Amino acid sequence: MADDQLYVVMVPAVFLINGISKGNWLEAFLFALAVAVGLTPEMLPMIVTVNLSKGAIAMSHKKVIVKRLNSIQNFGAMDVLCTDKTGTITEGRIVLEKHLDVSGHENDEILYQAYLNSYYQTGLKNLMDVAVLDHVQLERRAMVDDRYHKIDEIPLISAAGACRW
């Protein structure tokens with residue numbers, strides 16, 4: 001007998017047998033309730049799977065494909081969902097669209113500082129460096145060549161590895 005059938009059959013059977021044999025229906029109800037609570041941990045994997053399946057079906061109505069059922073549980077725990085719409089995964093590149101300061105306002109000085117960092121960096125240029133270098137206009141690039149000359153570069157070593165500032 002499958003677990004879900006056991007649960008549906010066992011609890012009412014315990015209730016009826018106990019109620020008929022002892023005549024105390026309140027005690028029979030409480031005992032059947034205790035049996036149901038005792039069976040719940042055994043039924044938990046099935047209950048979770050059924051609810052996750054219902055979530056996958058609801059998401060499929062909104063044209064979302066769910067490859068892993070457990071990911072639905074993670075969606076429910078999220079406050080913020082960040083997605084990649086810049087082409088990093090599909091095209092292997094990043095496109096810089098905005099350069100904002102900590103207040104959320106566009107700030108050309110932020111872009112300029114990022115450009116200096118990416119331009120004079122001697123190590124491997126990552127996708128973010130390339131996006132910043134591609135975003136800055138040619139007249140700004142010429143201005144950087146005229147105004148600044150690199151003397152040295154000191155990498156910042158952190159617990160996660162080498163970083164530069």
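Accessible areas are obtained here with the Shrake-Rupley method and a 1.4 Å probe, and on this basis the accessible surface of the chain comes to about 12900 Å², of which 63% belongs to carbon and sulfur atoms. The model shown in these views is a predicted one.

**View 1. The whole chain, with its seven helices and two strands.** Read along the sequence, the elements follow the pattern α-α-α-α-α-α-α-β-β, and of the 165 residues in the chain, buried residues make up 19%. Among the contacts with a separation of 6 or more, 45% are accounted for by residues that stand 24 or more positions apart.

**View 2. The aromatic cluster formed by Phe15, Trp25 and Phe29.** A pair of aromatic rings is described by the distance of the centres and the angle of the planes. The chain has a count of four aromatic pairs. One of them joins Phe15 and Phe29, whose rings lie 6.4 Å centre to centre with 90 degrees between the planes, an edge-to-face arrangement. This pair links distant parts of the chain, since Phe15 belongs to helix α1 (residues 3-22) and Phe29 to helix α2 (residues 25-60), 14 residues apart. Phe15 counts as partly exposed, with a relative accessibility of 26%, and Phe29 likewise counts as partly exposed, at 46%.

**View 3. The ring pair of Tyr119 and Tyr120.** The centres of these two rings are 4.8 Å apart and their planes stand at 90 degrees, so the pair of Tyr119 and Tyr120 is edge-to-face. Tyr119 is partly exposed, with a relative accessible area of 31%.

**View 4. The crossing of helices α5 and α6.** Two packed helices are described by the angle between their axes and the distance between the axes. The axes of α5 and helix α6 (residues 127-135) come within 9 Å and cross at roughly 120 degrees, and α5 and α6 are therefore oblique to each other. The crossing of α5 and α6 is left-handed. On the side of α5 the contact is made by Leu111, Ala114, Tyr115, Ser118 and Tyr119, and on the side of α6 by Asp129, Val132, Leu133 and His135.

**View 5. Tyr115 within helix α5 (residues 108-120).** Is Tyr115 buried or exposed? Buried means a relative accessible area under 20%, and Tyr115, with a relative accessibility of 2%, therefore counts as buried. The C-alpha atom of Tyr115 is separated by 7.3 Å from that of Val136, although the two residues are 21 residues apart along the chain.

**View 6. Lys63 in the loop between α2 and α3 (70-76).** Most residues other than glycine have a negative phi. Lys63 has a positive phi of about 65 degrees although it is not a glycine. With a relative accessible area of 79%, Lys63 is exposed.

**View 7. Arg93 in the loop between α4 (88-91) and α5.** Arg93 is partly exposed, with a relative accessible area of 42%. Along the chain Arg93 and Ala131 are 38 residues apart, and their C-alpha atoms are separated by 7.7 Å.

Note on methods: Residues numbered from 1 in each chain as written. Predicted model: local features only at pLDDT ≥ 70, side-chain atom pairs only at ≥ 80, totals over all residues. Heavy atoms only, no water. Helix = DSSP H or I, 4+ residues; strand = E, 2+ residues; numbered from the N terminus. Buried < 20%, exposed > 50% of the residue type's maximum accessible area, 1.4 Å probe, protein only. Contact = heavy atoms within 4.5 Å. Phe/Tyr/Trp six-rings, centres within 6.5 Å; stacked < 30°, edge-to-face > 60°. Axes fitted to C-alpha atoms, helices over the stretch in contact; angles between N-to-C directions. Parallel < 35°, antiparallel > 145°, perpendicular 65-115°, else oblique. Left-handed = near helix turned anticlockwise from the far one by under 90°.
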